[in-house]
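Trainee: I am new to this structure and would love a close look at a single part of it. Could you walk me through the charged pairs and their surroundings?

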Amino acid sequence: MFGFNNFADKIVLEPAAKGYKKLPSPIQSGIGNFLGNLKLPFVIVNQILQGQIPNAVESTSRFVVNSTVGVFGIIDVATEIGLEEKDEDFGQTFATWGVGDGFYLVLPIFGSSNLRDAVGTALTYTFDPINAYLISEGEAWAVSARMTVNAIDYRSKIIDEVNALRNNSVDYYAVVRSSYYQN
């Protein structure tokens, strides 16, 4: 699976990310901000499940400010006024609840994971309120489009790091696995 993901990254995701990086910086920032804002309702749910009520309140404030004043999250006004961005998901929630990480595995397209986080990823995409809304409105194609744009946006931010690891590693798989656990 690792070889497949590496091949797909080289021929599809990396070229798409390089093309994306040629967009003007404000457009890239706007897209990244919008995508980050879309996942905030899900982040808030996980903060509540983890007992992080002050963080959930701050994230809710961030969502409201960026969704209104920030024009649907395209402009990150919340950071400018001191509302910090935090990221939480079901894998982190399970860890907070004491669920062990399990064995290392490589998911198709999604890449490095472990058993706990793989289940968390599945739940993330299943119960994400934005995805649920899109599917209920008959717009399931938009879920795939959102995932694709998210992947390209994220990959564009780590092009240099991934290429340095790929080009300078004796055992690229071992380095990726180690990096996953360190992160």
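Trainee: Does D128 count as buried or exposed, and what is its relative accessibility?

Mentor: Happy to help, and please keep in mind that this is a predicted model. D128 counts as buried, because its relative accessibility is 4%. Its salt-bridge partner is R146, with the closest N and O atoms 3.3 Å apart. R146 sits in helix α9 (residues 141-157), while D128 sits in the loop between α7 (115-127) and α8 (129-136), so the salt bridge ties together parts that are 18 residues apart in sequence. R146 is buried too, with a relative accessible area of 11%.

Why can such partners come together? Side chains of opposite charge can pair when their charged atoms come close. Across the whole structure, a search finds twelve salt bridges.

Another of these joins the side chains of K86 and E58, at 2.8 Å from N to O. This pair links distant parts of the chain, 28 residues apart: K86 is in the loop between α5 (77-80) and α6 (90-96), and E58 is in helix α4 (residues 53-68). Both K86 and E58 are buried.

K86 also leads us to Q47, since among the contacts of Q47 beyond four places in sequence are K86, E88 and A56. Q47 belongs to helix α3 (residues 40-49) and counts as buried because its relative accessibility is 0%. A polar atom of the Q47 side chain lies 3.4 Å from the backbone nitrogen of A56.

Finally, salt bridges also link D9, E14, K18, R155 and R166 in a network.

How values were computed. Residues are numbered from 1 along each chain as its sequence is written. This is a predicted model: local features need pLDDT of at least 70, side-chain atom pairs count only at pLDDT 80 or more; totals for chains, interfaces and linings use all residues. Side-chain values use heavy atoms; hydrogens and water are left out. Helices (H or I, at least four residues) and strands (E, at least two) are DSSP runs, numbered from the N terminus. Buried means under 20% relative accessible area, exposed over 50%, partly exposed in between (1.4 Å probe, protein chains only). A polar contact is a pair of N or O atoms within 3.5 Å; within protein, one must be able to donate a hydrogen and the other to accept it, and residues adjacent in sequence count only if both atoms are side-chain atoms. Contact means heavy atoms within 4.5 Å. A salt bridge is a side-chain nitrogen of Lys or Arg within 4 Å of a carboxyl oxygen of Asp or Glu.
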